[in-house]
Amino acid sequence: MSTSRERTRSIWMDVKVSPRAPMLDQDLTVDTVIVGSGIAGLSTAYELALEGQKVAVLDRGPVAGGITARTTAHLTSLCDESFKNLIDVQGLDVAKQFYESQAASIDRIEKIQNLESIDCDFRRLLTESIILNAIIGSQ
Ligand SMILES: Cc1cc2nc3c(=O)[nH]c(=O)nc-3n(C[C@H](O)[C@H](O)[C@H](O)COP(=O)(O)OP(=O)(O)OC[C@H]3O[C@@H](n4cnc5c(N)ncnc54)[C@H](O)[C@@H]3O)c2cc1C
């Protein structure tokens, strides 16, 4: 996605992530090349590197300077289109899988925050699982 037409600003847009990341000016031999240094590319690179892979992340712009720079950093297991709509269109099993995968991602992010001692304010709100249980309970 091109970010050139995005007008929103976030508080971390002015933070330079890895400003000394080198230009690719030589051949490299790696296990995996990832194109894109947003949250998707960097998360994948992180997990692969933890597994012992040699990973190169390429980007045409600044590291984490795409849409990721504009996030409000709100993590949720809820569905933008509402669980009611998701259940109506895809069924309860898919909706549950969606919820569980989102929740597992959030757990993973919290784990990484602790593992890497990342200094951020990670707060959990329990309301969403209460809402989901209410929706599923009403089916
Ligand atoms: C205002 C706003 C608020 C948001 N708030 C939230 C939120 O609270 N919670 C949430 O979960 N999500 C939020 N999002 C969505 C979230 O930010 C995005 O879904 C996420 O950052 C996308 O990450 P990404 O790694 O897929 O893409 P990007 O961060 O855009 O990364 C893609 C990277 O690939 C690079 N690239 C693309 N093509 C090429 C190429 N051909 N060669 C080399 N490099 C290339 C780009 O330069 C870029 O750095 C928000 C989005 C916006 C706009």
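Colleague: How do the residues of the shell around the ligand divide into nonpolar, polar and charged?

Modeller: Seven are nonpolar, twelve polar and four charged. Ala, Val, Leu, Ile, Met, Phe, Trp, Tyr, Cys and Pro count as nonpolar, Asp, Glu, Lys and Arg as charged, and the others, Gly among them, as polar. Bear in mind that this is a predicted model: local features need pLDDT of at least 70, side-chain atom pairs count only at pLDDT 80 or more, and totals for chains, interfaces and linings use all residues. Numbering runs from 1 along each chain as its sequence is written.

Colleague: Which residues come nearest to the ligand?

Modeller: G36, G38, G66, T68 and H74, out of 23 around the ligand. A residue is near a molecule or strand if its C-beta atom, placed from the backbone, lies within 6 Å of it. Helix α1 (residues 39-50) gives the most to that shell, with three residues.

Colleague: What pattern does the protein follow along the sequence?

Modeller: β-α-β-α-α-α, with four helices and two strands. Those are DSSP runs, numbered from the N terminus: H or I, at least four residues, for helices, and E, at least two, for strands.

Colleague: Why is I67 called buried, exposed or partly exposed?

Modeller: I67 has 15 other C-beta atoms within 10 Å, so it is partly exposed. Buried takes 20 or more other C-beta atoms within 10 Å of a residue's own, exposed takes 12 or fewer, and partly exposed is in between, with C-beta atoms placed from the backbone. I67 lies in the loop between β2 (55-58) and α2 (83-90). Across the protein, buried residues make up 9% of the 139.

Colleague: What makes α2 parallel, perpendicular or oblique to α3?

Modeller: The axes of α2 and α3 (residues 92-115) come within 7 Å and cross at roughly 135°. That makes α2 oblique to α3, because under 35 degrees counts as roughly parallel, over 145 as roughly antiparallel, 65 to 115 as roughly perpendicular and the rest as oblique. Axes are lines fitted to C-alpha atoms, for helices over the stretch in contact, with angles from 0 to 180 degrees between N-to-C directions.

Colleague: Which residues of α2 and α3 meet?

Modeller: F83, L86, I87 and Q90 in α2 meet L92, V94, A95 and F98 in α3. By class that gives seven nonpolar, one polar and no charged. Contact means C-beta atoms, placed from the backbone, within 7 Å.

Colleague: How do you know what span α3 should have?

Modeller: The expected span is 1.5 Å times one less than the number of residues. For the 24 residues of α3 that should be 34 Å, and its end C-alpha atoms are 34 Å apart, so the two agree.

Technical notes. Two residues are in contact if their C-beta atoms, placed from the backbone, lie within 7 Å.
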